[in-house]
Amino acid sequence: MRKIIINGPCEISGELEVQGAKNSILPILAATIISRGECVIKNCPNILDVHTSLEILNYLGCKTKFEDSTIVVDSSQISKNEIPENLMCKMRSSIIFLGALIARTGRAKLTFPGGCELGPRPIDLHISALKQLGILINNIHGNLECKIENKIIGADIVLPFPSVGATENIILASIICEEKTIIENAAREPEIIDLANFLNKIGAKIYGAGSSKIIIEGTNKFNKINKTEHAIIPDRIVAITLMAAAASTGGNLILKNINPDLISSAVPIFEESGCLIKTHENNIKIISPETLYSVKEIRTMPYPGFPTDAQAIIMAMLSKAIGTSVFVETIFESRFRHIEELIKLGAKIKINGNVAIVDGNKYLSGAKLQAHDLRGAAALVIAGLASYGKTIITGADYFLRGYDLAKFPNFLTIN
Ligand code: UD1
């Protein structure tokens, strides 16, 4: 297990460019198999989950190349439609290959996905929606054997919850349908818009992405696409991470390559804590106060609400604030595993069900910590940067699943 070592405190100041979004690049890489041509994807983050996706694409028979921040996928030849368990279990997002394989080959054989432990992460919404599209899915001891029964049927699918992954799988599987598919209560995340924009470039006809009603008009034009270029949107969760790191360490930071609209639910939280936020075109400047103040209540919600992925990150920041902040986690059942680690640094946090109450402590001090999930690891990194002394975080790979070290402040040693 690799470790992250930080000798704190480290002031996070200066200028940084925000990496491309993990939650965009992963579904888009899966979607490249539908194109049957060459896809050139720019602004790709160099993170472990991207390398796992490339391993899956190579296994399926695609040719891939990753140079600087550009990935080229040639999916003209696909030789398999199954994904082995050792690749599926590396990340939750591997399940998105289900919809993409169905659209490309009519079949998919895979296992349940792995990923961060955030409590139960079922895929029932994916399965019931795909069944409505006419896909037969057999679950044989955890192996999912999926195939189109006769043809994909256009359906009006109402999601009981705006699941990001289920919305993506429905879009991917339905784009080859000869009829119209409607998703109601669809996830509205910017990464869904990015996926739809990419798919429209390869010939799909998707309307309404970013709203809760998405319409997919099927097409079979995918054979004719030769080359597609696409640039991944910036990672809003990484932007929030960097801002929280600056705020917790008394830094002043300019972030480049980030559309401020993407983080509009987090800006009022930084402002309430005393930070000054200035935005100009695709730049955000954060000037941190001498003393951080608590924020009354932070409730995670589906987009455009405050993202669950930023909960641990902002909690790390407010562990240092004067006063009491309350966090309510409504998306995942068990997303507080960072708390016992933050407490080791001196944070004062109590948990009551899905509510965490944080009483700020201005003086955190370094300790040996264990990361349990990607954003929890980011929270520990922020707290480590803001603590006095040495912090050693076991489980560096969780962090590297989502953060491109080349675009992160140069204060972390990994070994
Ligand atoms: C995506 C993001 C992840 C983020 C999450 C919520 C990617 C690669 N990952 O994950 O970073 O934390 O959205 O914003 O984009 N659920 C079910 N049944 C299902 C599917 C989901 O009960 O079939 C539940 C989940 O357990 C969870 C909630 O719905 O409680 C949200 O899940 P979902 O939106 O599907 O998240 P992911 O797509 O896995």
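Start with D309: one of its polar side-chain atoms sits 2.6 Å from an oxygen atom of the ligand. Keep in mind that this is a predicted model, so what follows describes computed positions. Two other residues also put a polar atom by a ligand oxygen. In R92 the polar atom belongs to the side chain, while in G165 it belongs to the backbone. Here are the three contacts side by side.

| Residue | Polar atom from | Distance to a ligand oxygen atom |
|---|---|---|
| D309 | side chain | 2.6 Å |
| G165 | backbone | 2.8 Å |
| R92 | side chain | 3.0 Å |

How much of the ligand does the protein bury? On its own the ligand would expose 740 Å², and the protein buries 86% of that. As for where it sits, the space taken by the ligand is the largest pocket.

**Who lines the ligand**

There are 19 residues around the ligand, and the ones that come nearest are D124, L125, S163, D309 and I331. So D309 turns up twice in this story: it is on that nearest list, and its side chain makes one of the contacts in the table.

What kinds of residues make up this shell? It's a mix: eight are nonpolar, six are polar and five are charged.

Two helices are worth finding in the 3D view. Both α5 (124-132) and α6 (164-174) give the shell at least two residues each. Which element has the largest share? That is α5, with three residues.

Zoom out a bit and the shell turns out to draw on two domains. Domain 1 (3-19 + 234-414) provides at least three of the shell residues, and domain 2 (22-231) also provides at least three.

**A few backbone oddities**

Most peptide bonds are trans, and most residues other than glycine have a negative phi. Here are some exceptions to look up in the loops.

The bond from G8 to P9 is cis, with omega near -5°. You'll find P9 in the loop that links β1 (3-8) and β2 (14-17).

Another cis bond runs from Y303 to P304, this one with omega near 10°. P304 belongs to the loop between β17 (297-299) and α10 (311-318).

Then there's N185, which isn't a glycine but still has a positive phi, near 60°. Where is N185 found? Look in the loop between β10 (180-184) and α7 (190-201).

Technical notes
Residues are numbered from 1 along each chain as its sequence is written. This is a predicted model: local features need pLDDT of at least 70, side-chain atom pairs count only at pLDDT 80 or more; totals for chains, interfaces and linings use all residues. Side-chain values use heavy atoms; hydrogens and water are left out. A residue is near a molecule or strand if one of its heavy atoms lies within 4 Å of it. A polar contact is a pair of N or O atoms within 3.5 Å; within protein, one must be able to donate a hydrogen and the other to accept it, and residues adjacent in sequence count only if both atoms are side-chain atoms. Accessible areas come from the Shrake-Rupley method with a 1.4 Å probe; for residues, only the protein chains shown count as cover. On a 1 Å grid over the protein atoms alone, a cavity is a set of points where a 1.4 Å probe fits but cannot get out, and a pocket is an open set with protein on both sides within 12 Å along at least five of seven lines; lining residues have an atom within 4 Å of a point. A molecule sits in a cavity or pocket if more than half of its atoms lie within 2 Å of its grid points. Helices (H or I, at least four residues) and strands (E, at least two) are DSSP runs, numbered from the N terminus. Ala, Val, Leu, Ile, Met, Phe, Trp, Tyr, Cys and Pro count as nonpolar, Asp, Glu, Lys and Arg as charged, and the others, Gly among them, as polar. Domain bounds come from an automatic or database domain assignment.
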